[in-house]
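The following exercises ask the reader to work through one protein structure step by step. Each task is followed by a worked solution.

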Amino acid sequence: MVAHALADPGHVTWVARDDDGRIVGVVQLRPAQEATGRHRADVNKVLVHTQVRERGLGQRLMASLERAAAERGRWLLILETQTGSPAEHWYERRGRSRIGVLADHAAAPTARSHPPHSFTKALPHEADPAAIPSAHTDPTSS
Ligand SMILES: CC(C)(COP(=O)(O)OP(=O)(O)OC[C@H]1O[C@@H](n2cnc3c(N)ncnc32)[C@H](O)[C@@H]1OP(=O)(O)O)[C@@H](O)C(=O)NCCC(=O)NCCS
């Protein structure tokens, strides 16, 4: 499935490699194509190899993705993970907001799969007053 997405020009993919050049982490950004979705993007394939987890690699991949999304004006990020997976808490600890369970959204690959949980993260952007220092300026002060 990653190979299929790699071939899709609509995706932007980051990979992390170990000292031997092997890919040990991946994350993908898929900007929405709809005219009403020019501010948003899906985050797909957030994966770090089991042997190199908990070393900050996932965090660094996501940071690269978020920088690139912001540069493209894609300030609303949407991502899904399986309900009950450790990634749920990983996302929440990194500022993502839970928007709910999408029952029957994904075709379950196994009988034990759980429905996906959706999250969003809003990056600082121009419509966000906190991102524009002058928006807080008191017009009456000199
Ligand atoms: C979720 C996932 C991508 C996280 O990748 P990771 O590289 O382990 O992530 P990080 O190392 O950045 O963060 C993991 C934890 O390690 C900690 N950590 C980071 N650097 C560390 C270091 N140098 N030493 C010790 N711990 C460290 C982080 O604080 C973090 O802890 P926290 O979640 O309690 O805050 C990875 O577990 C994974 O691939 N899971 C399976 C696929 C999956 O569920 N994907 C997401 C949904 S599709």
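Two strands pair if DSSP finds at least two bridges between them. The strands themselves are DSSP runs of at least two residues, numbered from the N terminus. The structure examined here is a predicted model.

**Exercise 1. Determine which elements make up the protein and in what order they follow one another.**

Step 1. The secondary structure comes to 3 helices and 6 strands.

Step 2. Read from the N terminus on, the elements run α-β-β-β-α-β-α-β-β.

Step 3. Of the 142 residues of the protein, 30% count as buried. The accessible surface comes to about 9600 Å², and 52% of that surface belongs to carbon and sulfur atoms.

Step 4. Among contacts with a separation of 6 or more, 49% are made by residues 24 or more positions apart.

**Exercise 2. Describe the sheet: state the order of its strands, and explain why one side of E1 and of E5 has no neighbour in the sheet.**

Step 1. Strands of a sheet pair through backbone hydrogen bonds, either parallel or antiparallel.

Step 2. In this protein, 6 strands form an open sheet in the order E1-E2-E3-E4-E6-E5, and the pairing is mixed.

Step 3. Strand E1 (12-17) and strand E5 (97-101) stand at the edges. Each has a single partner strand, so one side of each is left without a neighbour in the sheet.

Step 4. Neighbouring strands of this sheet are turned by 25° against each other on average, direction ignored.

Step 5. For one particular pair, strand E2 (residues 23-31) and strand E3 (residues 40-48) run antiparallel and are joined by 6 bridges. Within this pair, Pro31 stands opposite Ala41 in E3.

Step 6. Helix H2 (residues 57-71) packs on the sheet and touches E1, E2, E3, strand E4 (76-82) and E6. The direction of helix H2 makes about 25° with that of E2.

**Exercise 3. Find the surroundings of Val24: is this residue buried or exposed, and which residues is it in contact with?**

Step 1. Val24 lies in strand E2.

Step 2. A residue is buried when its relative accessible area is under 20%. The value for Val24 is 11%, so Val24 is buried.

Step 3. Neighbours within four places in sequence are left aside. The contacts of Val24 are then Ala16, Arg17, Asp18, Leu47, Val48, His49, Val52 and Leu57.

Step 4. Val24 and Thr50 are 26 residues apart in sequence, and their C-alpha atoms are 8.6 Å apart in space.

**Exercise 4. Classify the aromatic pairs of the structure and explain why each receives its class.**

Step 1. A search of the whole structure finds 2 aromatic pairs.

Step 2. In one pair, the ring centres of Trp90 and Tyr91 are 5.8 Å apart and the planes stand at 55°, so the pair is tilted.

Step 3. In the other pair, the ring centres of Tyr91 and Phe119 are 5.5 Å apart. Planes over 60 degrees apart count as edge-to-face. The planes of Tyr91 and Phe119 stand at 65°, so this pair is edge-to-face.

Step 4. The pair of Tyr91 and Phe119 links distant parts of the chain. Tyr91 is in helix H3 (residues 86-92) and Phe119 is in strand E6 (residues 116-122), 28 residues apart.

Step 5. Ring pairs thus link Trp90, Tyr91 and Phe119 into a cluster. Tyr91 and Phe119 are both buried, whereas Trp90, at 21% relative accessibility, counts as partly exposed.

**Exercise 5. Examine the positive phi angles of Lys45 and Glu54, and state where each residue lies.**

Step 1. Most residues other than glycine have a negative phi.

Step 2. Lys45 is not a glycine, yet has a positive phi of about 50°. This residue is found in strand E3 and counts as partly exposed at 25% relative accessibility.

Step 3. Glu54, also not a glycine, has a positive phi of about 60°. Glu54 is placed in the loop between E3 and H2, and is exposed, with a relative accessible area of 84%.

**Exercise 6. Identify which backbone oxygen the side chain of His125 reaches.**

Step 1. His125 lies in the segment after E6.

Step 2. The relative accessible area of His125 is 17%, so this residue is buried.

Step 3. The side chain of His125 reaches the backbone oxygen of Leu123 at 2.8 Å.

Technical notes. Residues numbered from 1 in each chain as written. Predicted model: local features only at pLDDT ≥ 70, side-chain atom pairs only at ≥ 80, totals over all residues. Heavy atoms only, no water. Phe/Tyr/Trp six-rings, centres within 6.5 Å; stacked < 30°, edge-to-face > 60°. Buried < 20%, exposed > 50% of the residue type's maximum accessible area, 1.4 Å probe, protein only. Helix = DSSP H or I, 4+ residues; strand = E, 2+ residues; numbered from the N terminus. Axes fitted to C-alpha atoms, helices over the stretch in contact; angles between N-to-C directions. Contact = heavy atoms within 4.5 Å. Areas by Shrake-Rupley, 256 points an atom, 1.4 Å probe, with all protein chains shown as cover. Polar contact = N/O pair within 3.5 Å; in protein donor to acceptor, adjacent residues only side chain to side chain.
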